[in-house]
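Thank you all for coming. Please have a look at the structure on the screen before I begin.

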Amino acid sequence: MPVQYYIFLSIVLFCIGVMGVLMRRNAIIIFMCVELMLNAVNLLLVAFSKMWADAGRVDASGAQIFVFFIMVVAAAEVAVGLAIIVMVYRNSQSVDINIMNRLKN
Amino acid sequence: MGMSLQQIVFGVLSIISIISALGVILSKNPVTSVLCLIVTFFTIAGHYIMLNAQFLAVVHIIVYAGAIMVLFLFVIMLMNLNSEIEPQKRNWLKYAGAISGGALLLVLLGALREADVTPIQPGASDIGLISNLGKTLFNQYVVPFEVSSILFLSAMVGAVIIGKREA
């Protein structure tokens, strides 16, 4: 089974995430799309890990360790990011990203 | 056409994951988006199992479906956002986002269509078992492991300080 299938699937999922970030204005949905992009990259890393393991490399599990660390960072990021979103909502009663333009002027 | 069982499972999982990923960005209700994203995560866990990453599949379900998405659901329900309030003005921005995302998709697909990679063998390998990963993690990656624990501690402190009322 070609690795190309996994490459294409990861590209499609990543681009769906990019489209969501660009199209939606709800901060929580944008955050979820970032998670989707991270997972597309994780899937590709795991596919390449399997590919190198089949090719006979003994250190191919390093990619899976990398995925593990990406999950760790994503969990920490979600905790801080949702706290920020809750604070913004508390201050302005909205999670629309268009109200967060105070840095503009 | 002779499709192996592996390819059939891959196709079904991929179709489900792409449709539910589209549901994340197209649904009006944020709670529906969260549920679609949970379905996507479960199909990605299925892909992990097919790629001999059993430990990662379990950790993925526990961390994402069990912790992160529950956190999202808590925040959405806490802020009472389950009715869509996104105003529909400036529709051209949506079209611009969709077009630029689609252009990125086309560029990446075209660039990697002819990528020279070796195929995946259908047989099982023990690369994703927890004993192998544990040995790798605690032999070669001890320092990043400890640094990530400090990262978690600082993220926890940061979330508490940010979330505190009238800091």
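I will go through the contact between the two chains and then turn to two residues.

What we have here is a predicted model, in which local features need pLDDT of at least 70 and side-chain atom pairs count only at pLDDT 80 or more, while totals for chains, interfaces and linings use all residues. Residues are numbered from 1 along each chain as its sequence is written, and chains are lettered from A and ligands numbered from 1 in the order in which they are written.

Between the chains, 61 residues of chain A are in contact with 69 residues of chain B, where contact means that the C-beta atoms of two residues, placed from the backbone, lie within 7 Å. On the side of chain A that touches chain B, helix 1 (3-23), helix 2 (27-54) and helix 3 each supply at least two residues, helices being DSSP runs of H or I with at least four residues, numbered from the N terminus. The largest share of that side, 21 residues, is supplied by helix 3 of chain A.

Now to the two residues, beginning with Q93(A), which is not a glycine and yet has a positive phi, near 60°. Q93(A) sits in the segment after helix 3 (62-92) of chain A, and Q93(A) is exposed, with 9 other C-beta atoms within 10 Å; exposed means 12 or fewer such atoms, buried 20 or more, and partly exposed in between, with C-beta atoms placed from the backbone.

In chain B, N52(B) also has a positive phi, about 60°, although N52(B) is not a glycine. N52(B) is found in the loop between helix 2 (30-50) and helix 3 (54-78) of chain B, and with 23 C-beta neighbours inside 10 Å, N52(B) counts as buried.
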